[in-house]
Amino acid sequence: MKISHVIVTTAFVAASAFSASALAGESAKFSQLDADGNGMISSDEAAADPKLVEEWSTADLNKDGQLERAEFSALEQKMKSDKGK
Ligand SMILES: [Ca+2]
């Protein structure tokens, strides 16, 4: 019981560290686009990046008109995998 708890906690910490470093990799571009620094890229801010405008409708996963970090990160992953084709 106690050991499995430690394993779960360790796995969670490892997963968090992984996603944090993945986010750090994306953050430069994200921060650059997030002109007002509110942690979201609005469609106005996205206009600075033609590629992002092109992908906007697929990138805005929850259709709230803003890209949060997770959505931006998912887009970067998608663009990377598209390139590999
Ligand atoms: Ca959104």
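**Exercise 1. Find which residues serine 43 touches, leaving aside its neighbours within four places in sequence, and describe its setting.**

Solution. Once the neighbours within four places in sequence are set aside, serine 43 is in contact with Trp56 and Gly65. The model examined here is a predicted one, and in it serine 43 belongs to helix α2, which covers residues 43–46. The next step is to look at the contact with glycine 65 along the chain and in space: the two residues are 22 residues apart along the chain, while their C-alpha atoms are separated by 6.6 Å. The last step concerns exposure, for which the count of other C-beta atoms within 10 Å must lie between the limit of 12 or fewer for exposed residues and that of 20 or more for buried ones if a residue is to be called partly exposed. Serine 43 has 13 such atoms within 10 Å and is therefore partly exposed.

**Exercise 2. Set out the order of helices and strands in the protein.**

Solution. Begin with the totals, which are 4 helices and 2 strands. Then read the elements from the N terminus on, which gives the order α-β-α-α-β-α. To see how the protein is packed as a whole, note that 9% of its 85 residues count as buried, and that, among contacts with a separation of 6 or more, 40% are accounted for by residues 24 or more positions apart.

**Exercise 3. Name the residues of the largest nonpolar core and the elements that give two or more residues to it.**

Solution. The largest nonpolar core is made up of 7 residues, namely Ile41, Ala46, Leu52, Ala59, Leu67, Phe72 and Leu75. Two or more residues of this core come from each of the elements α3 (50–59) and α4 (69–83). One core member to follow further is alanine 46, which, with neighbours within four places in sequence left aside, is in contact with Leu33, Ile41, Leu52, Val53, Trp56 and Leu67.

**Exercise 4. Decide whether leucine 52 and valine 53 are buried or partly exposed.**

Solution. Both positions must first be placed: leucine 52 is in helix α3, and valine 53 is in helix α3 as well. Leucine 52 has 20 C-beta neighbours inside 10 Å and so counts as buried, whereas valine 53 has 13 other C-beta atoms within 10 Å and is therefore partly exposed. Turning to contacts beyond four places in sequence, leucine 52 touches Ala46 and Ala59, while valine 53 touches Ala46 and Ala47. As for distances from C-alpha to C-alpha, leucine 52 lies 9.9 Å from leucine 33, with their positions 19 residues apart in sequence counted as the separation, and valine 53 lies 7.8 Å from serine 43, from which it is 10 residues apart in sequence.

**Exercise 5. Locate alanine 47 and lysine 63, and state whether each is exposed or partly exposed.**

Solution. Alanine 47 sits in the loop between α2 and α3, and lysine 63 is found in the loop between α3 and β2 (66–68). Alanine 47 is partly exposed because 13 other C-beta atoms lie within 10 Å, but lysine 63 is exposed because 7 other C-beta atoms lie within 10 Å. Two further details complete the description: the C-alpha atoms of alanine 47 and leucine 33, which are 14 residues apart along the chain, are separated by 9.0 Å, and lysine 63 has a positive phi of about 55°, although this residue is not a glycine.

How values were computed. Residues are numbered from 1 along each chain as its sequence is written. This is a predicted model: local features need pLDDT of at least 70, side-chain atom pairs count only at pLDDT 80 or more; totals for chains, interfaces and linings use all residues. A nonpolar core is a set of buried Ala, Val, Leu, Ile, Met, Phe, Trp, Tyr and Cys residues joined through C-beta atoms within 7 Å. Two residues are in contact if their C-beta atoms, placed from the backbone, lie within 7 Å.
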